[in-house]
Amino acid sequence: MASCKKPRTKEVGCRRFVFVSVFTFMVVSVVVFCLRANPVSNNAMEPADDTNRTQSYFHLKRDLNLPKKNELSIQLEMHNRLPPKNRDLYPTLAKDHITIVLYVHNRPQYLRVVVKSLSQVKGIGETLLIVSHDGYFDEMNKIVEGIKFCQVKQIFSPYSPHIFPSSFPGASPNDCKNKDDAAKKHCEGNPDQYGNHRSPKVVSLKHHWWWMMNTVWDGLKETRGHTGHILFIEEDHFIFPNAYRNLQILTSLKSKKCPDCYAANLAPSDVKSRGEGGESLIAERMGNVGYSFNRTVWRKIHKKAKEFCYFDDYNWDIAMWTTVYPSFGAPVYSLRGPRTSAVHFGKCGLHQGQGEQTACVDNGVVNIEVNDEDKVANIKSEWNVHVHKHQQGYKAGFKGWGGWGDERDRRLCLEFARMYKLTETASF
């Protein structure tokens, strides 16, 4: 009997081996297919820092309703996982460094000016510069690739309308245009409060800013555990050499000198002002040139995602001034020095486009005077704080300029707020 069972045993073992091999191959094939269709960041493979366990891994939520990625958006998302460059030149960051985020669109003539100004900033080699792109533009990428004065990481919005030429969030063939009547035209879209339908290049401004904020604070391995301030600047902000040192002083003084201040600014809220001069710190409404805040403030902002995403204005800053900040229940002050450390120099607005017959033309030549006192820290800790109350500007009650009435844009905005959350911080 024993001699008869041995062949039978080998046959059964062989069959089991074949079954296990085929089953394993099928499982691996399915996993590979899923990864190719929906690539997962390296961050999703790693546990969050012990100090930050409440934050999710990268893109783990299964119920996200984001646009289907095309080949370019997949490549950009993969690029976003790469580590910062120049770590061989700057192997360590200062313990108390303030990360700088430069968000850009497609104005290379401006970006060159900003990058040159950043190269002259005292202390820039101590920190990390993150450049956030609204889509992909080769010339913009090449400018950033040439940076050698600090650690630098590039991230690209994989859902920018600029990389979806024939589908949402870009322009879909069946989209309503201008003041089309959707019922009569049988087109898709919801008009804004003024009867106008969405313009992809216009809505991209708000989409990019909100995607960037969520990604920087809660998505990137380099910053998702950062509790200090993060500085945000744009491609048409000239940064003075003393900006970083002044900001370090402001952020250290903020809790003592101005407990009601939510942020620290490099420039006055009035973009045409260079500051009052004198020897006094200034507390005023938060401006949109060289502004910085910490994770506590970000959490308050994030909880107001629905208000931000449903306000009918394509400008992120106006949405913040008129809906988010007023909801905090008290004036949202920002602390700054009496002299500016950043200047807005752009003449061409982002909504004016590139390469069009009506495009704004500006060669990016600037003549900004930088004096000796702009080259060294010029803020003193013993100064008192002067508060600017009842300033002019956008406030609660303003209805918005429109451009943000399409329900698809509003839903996408809310999805960005959910990308990196295992548990919701607000009811959307």
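**Exercise 1. Identify the backbone nitrogen that a side chain of helix H12 approaches, and describe the setting of that side chain.**

Solution. The backbone nitrogen of Asn65 lies 2.7 Å from a polar atom of the side chain of Glu415. A polar contact is a pair of N or O atoms within 3.5 Å; within protein, one must be able to donate a hydrogen and the other to accept it, and residues adjacent in sequence count only if both atoms are side-chain atoms.

The model is predicted, with local features requiring pLDDT of at least 70 and side-chain atom pairs pLDDT 80 or more, while totals for chains, interfaces and linings use all residues. Residues are numbered from 1 along each chain as its sequence is written, and side-chain values use heavy atoms, with hydrogens and water left out.

Next, place the residue: Glu415 belongs to helix H12, residues 407-418. Helices (H or I, at least four residues) and strands (E, at least two) are DSSP runs, numbered from the N terminus.

Then consider accessibility. Glu415 counts as buried because its relative accessibility is 11%; buried means under 20% relative accessible area, exposed over 50%, and partly exposed in between (1.4 Å probe, protein chains only).

Finally, list the contacts, defined as heavy atoms within 4.5 Å. Neighbours within four places in sequence aside, Glu415 contacts Asp63, Leu64, Asn65 and Leu66.

**Exercise 2. Determine how the buried residues of helix H3 are arranged, and examine the start of this helix.**

Solution. Helix H3 spans residues 71-79, and its residues Ser73, Ile74, Leu76 and Glu77 are buried. They lie on the same side of H3 because they cover an arc of only 165° around the axis; the arc is that of the directions from the helix axis to the C-beta atoms.

At the start of H3, the backbone nitrogen of Leu72 has a side-chain oxygen of Asn70 within 3.2 Å.

Glu77 also forms a salt bridge with Lys69, at 2.7 Å from N to O. A salt bridge is a side-chain nitrogen of Lys or Arg within 4 Å of a carboxyl oxygen of Asp or Glu. Both Glu77 and Lys69 are buried.

**Exercise 3. Compare the surroundings of the annotated positions.**

Solution. Begin with the record: an unreviewed UniProt entry places the feature "binding site" at Asp236 and His344. Although these positions are spread over 109 residues of sequence, they cluster in space, with a largest C-alpha distance of 5.9 Å. UniProt positions follow the numbering used here, feature names are shortened, and annotations may be inferred rather than shown by experiment.

Asp236 occupies the loop between strand S4 (230-234) and strand S5 (237-239), and is buried because its relative accessible area is 4%. His344 belongs to strand S10, residues 342-344, and is partly exposed because its relative accessible area is 32%.

The side chains of His344 and Asp236 are joined by a polar contact of 3.0 Å. Beyond four places in sequence, His344 also touches His237, Val271 and Val289. By the same criterion, the residues touched by Asp236 include Arg107, Tyr110 and Val114.

The unreviewed entry also places a "binding site" at Asp134. Asp134 lies in the loop between strand S2 (128-133) and helix H5 (138-145) and is buried because its relative accessible area is 2%. Residues that Asp134 touches, not counting those up to four places away in sequence, include His105, His162 and His208.

**Exercise 4. Locate two salt bridges that link distant parts of the chain.**

Solution. The whole structure contains 21 salt bridges.

In one, the side chains of Glu235 and Arg107 meet at 2.5 Å, N to O. This pair links distant parts of the chain, 128 residues apart: Glu235 is in the loop between S4 and S5, and Arg107 is in the loop between strand S1 (99-104) and helix H4 (108-119). Glu235 counts as buried because its relative accessibility is 0%, and Arg107 because its value is 1%.

In another, the closest N and O atoms of Asp218 and Arg299 are 2.9 Å apart. Here Asp218 in helix H7 (residues 200-218) and Arg299 in helix H9 (residues 295-302) are 81 residues apart. Asp218 is buried, with a relative accessible area of 1%, whereas Arg299 is partly exposed at 22%.
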